[in-house]
Amino acid sequence: MSSFTTTAGQLAPGEGIKESILECVGQTPMVRLGRVGSGLACDLVAKCEFMNPGGSVKDRIALQMIGDAERFGRIHHGDTIVEASSGNTGIGLALVSAAKGYRCTITLPQKMSAEKVSVLKALGAEVIRTPTEAAWDAPESHIGVARRLVRENPGTVHFLDQYSNPSNPKAHESGTAEEIWEQCNGRVDMIVMATGTGGTLSGIARCLKRKNPRLVVVGVDPHGSIMHDDDAPRGSYLVEGIGYDFVPKVLDRSIIDRWEVTEDRESFQMARRLIREECLLVGGSSGAAVAGALRAARVLNKGQRCVVLLPDSIRNYLTKFISDDWMASHGLLEPVADVPQLISEPDTEPVRKRRKLSKRRRLAKHQPTPTAFSTFSPTFTAPAKPTYTPLTIPATPTASRFSSSTASTGSSEGHSDSESSSACGVPPLAVAAALQGHGHGYDYLGGGLRQSLDV
């Protein structure tokens, strides 16, 4: 039974309020991809890691790495944590550092989005941009700069190094994998994950393989990365957060059963489909993971289940693949298909007739409305000029303001507007009557002339 407020300012134990946002890391939902995965025989479900507080799966390893460093006495309050990141680990570390009172510096390749930089700065982190084209072991790379900062500031600056830190896969082996197993009631036949550092994939696969030795583990790597094959051609790609030009120590490739290599186009198009069709506000790496899952899961049968992990959210890419202009500038934009029909209909003759009628009605809306004339002449005929009645003001003898009778008595009592004359000797009512109806835009009101508001 849920708890409730007992007295003002006092909350009963167990009411569900967290002491810190850090307690909200993990326990992300599992969602079935019923539309995107409708072409598969198996059940396709997604682990929504983008719903962590910092917006990605990397919140888990940030909390684990800092927590372990504290337990081992490696870091102390007021120290600076440095990390080389493509953005999400940096955001996770900046969030945990802010909550725990550490300073944070993130080295970030120029390729990464402006949104990531803004979030990092909002969390109080210092951001150092590095050349995207720099090799991972070059002094000017994001890893090289992070290591230099530690050398220059020994004792107070600590590089947690997600690429080799065992706390990275540990966070997933003891946390994420157990959640997946519980949420699926132990029914997991295949799991598909895009590889960043490889810690997520290695940790989850290691745990689930112990529970189900027949589990198929699929890694997804972008074309241009060598994580799936040392001899693969190296190149650039636009999807952020996955793939590298080296193999990190935390990646255990021996545990992976197969690889799917993805292209930028299919990754971004699939991410946009997930947003539009499944209402999942995900990033490009999630699109890559699902694109790989749709290919890999073809081997599964009805009754089997494939789990795909969605690493991060739309927040970091509002000016990138979410933007039609950005997609078009990189040659990645394709015509958007109609919203899928959610209610299927049998292909029967009555249904086909109704569809044809509906189509004719839609087309008719764009046709000009037919007229009653049998022929149409484009000849323009100017409207006839309006005719005007000549303005005639009745002539009256010039008179004083008052009549002779009133002048003789010296009183104006009994004076009438209809009887009084204007300055030109013409009664005002007579002038108004002459003006009205002749388009002059004047009205008579209160004994005088005023311009009409209707003109």
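Is glutamate 277 buried or exposed, and what is its relative accessible area? Glutamate 277 is buried, at a relative accessible area of 8%. It turns up again in one of the close-ups below, all taken from a predicted model.

**Figure 1. The whole chain, as a starting point.** Here is the predicted model in full, with 12 helices and 14 strands in its secondary structure. The chain has 455 residues, and 45% of them count as buried. Take the contacts between residues at least 6 apart in sequence: 67% of these join residues at least 24 apart. The accessible surface adds up to about 24900 Å², and carbon and sulfur atoms account for 54% of that.

**Figure 2. How confident the predictor is, and where confidence drops.** Mean pLDDT for the chain is 82, with 73% of residues at 70 or more. Over residues 430-435, though, pLDDT is below 50, and this stretch makes 11 contacts in the model beyond near neighbours in sequence. Residues 437-455 also stay under 50, and here the model has 28 contacts beyond four places in sequence.

**Figure 3. Helix α5, with a kink along the way.** Helix α5 covers residues 167-183. With 17 residues at 1.5 Å a residue, it should span 24 Å, and its end C-alpha atoms are indeed 24 Å apart, so the two agree. Look for the kink of about 35° centred on glutamate 173. Just past the helix comes asparagine 185, with a positive phi near 55°.

**Figure 4. What sits over α5.** The buried residues of this helix are Ser167, Asn168, Pro169, Ala171, His172, Gly175, Thr176, Ala177, Glu179 and Ile180. Their cover includes strands β3 (30-32), β4 (43-48), β9 (190-194) and β12 (305-310), along with helices α1 (58-71) and α6 (199-211). Keep an eye on Glu179 from that buried set, since the next view is about its salt bridge with lysine 47.

**Figure 5. Lysine 47 and glutamate 179, a buried salt bridge.** The two side chains meet at 2.8 Å, N to O. This pair links distant parts of the chain, with lysine 47 in strand β4 and glutamate 179 in helix α5, 132 residues apart. Both lysine 47 and glutamate 179 are buried. For context, a search of the whole structure turns up 23 salt bridges.

**Figure 6. Arginine 253 and aspartate 230, a salt bridge within a loop.** The side chains of arginine 253 and aspartate 230 come together at 3.0 Å, N to O. Each partner lies in the loop between β10 (216-222) and β11 (258-262), so the bridge ties together parts that are 23 residues apart in sequence. Arginine 253 is partly exposed, with a relative accessible area of 28%. Aspartate 230 is partly exposed too, at 43%.

**Figure 7. Glutamate 277 and arginine 273, a salt bridge along one helix.** This is where the opening residue comes back: the side chain of glutamate 277 meets that of arginine 273 at 2.9 Å, N to O. Both belong to helix α7 (residues 264-278), and they are 4 residues apart, about one turn of the helix. Glutamate 277 is buried at 8% relative accessible area, while arginine 273 counts as partly exposed at 27%. Elsewhere, salt bridges that share partners join Lys47, Glu49, Arg60 and Glu179 into one network.

**Figure 8. Helix α8, mostly under cover.** Helix α8 takes in residues 284-296. At 1.5 Å a residue, its 13 residues should span 18 Å, and the end C-alpha atoms are 19 Å apart, which agrees. Of those 13 residues, 12 are buried. The buried set reads Gly284, Ser285, Ser286, Gly287, Ala288, Ala289, Val290, Ala291, Gly292, Ala293, Leu294 and Ala296. Cover for these residues includes strands β4, β9, β10, β11 and β12, plus helix α7.

**Figure 9. Serine 97 and its contacts.** Serine 97 is part of helix α2 (residues 88-100). What makes it buried? Its relative accessibility is 1%, and buried means under 20%, so serine 97 counts as buried. Leaving out residues up to four places away in sequence, serine 97 touches Ile66, Ile81, Tyr102, Arg103 and Cys104.

How values were computed:
Residues are numbered from 1 along each chain as its sequence is written. This is a predicted model: local features need pLDDT of at least 70, side-chain atom pairs count only at pLDDT 80 or more; totals for chains, interfaces and linings use all residues. Side-chain values use heavy atoms; hydrogens and water are left out. Helices (H or I, at least four residues) and strands (E, at least two) are DSSP runs, numbered from the N terminus. The expected span of a helix is 1.5 Å times one less than its number of residues. The bend at a residue is the angle between axes fitted to the seven residues ending there and the seven starting there. Buried means under 20% relative accessible area, exposed over 50%, partly exposed in between (1.4 Å probe, protein chains only). Contact means heavy atoms within 4.5 Å. A salt bridge is a side-chain nitrogen of Lys or Arg within 4 Å of a carboxyl oxygen of Asp or Glu. Accessible areas come from the Shrake-Rupley method with a 1.4 Å probe; for residues, only the protein chains shown count as cover. pLDDT is the predictor's confidence in each residue, from 0 to 100.
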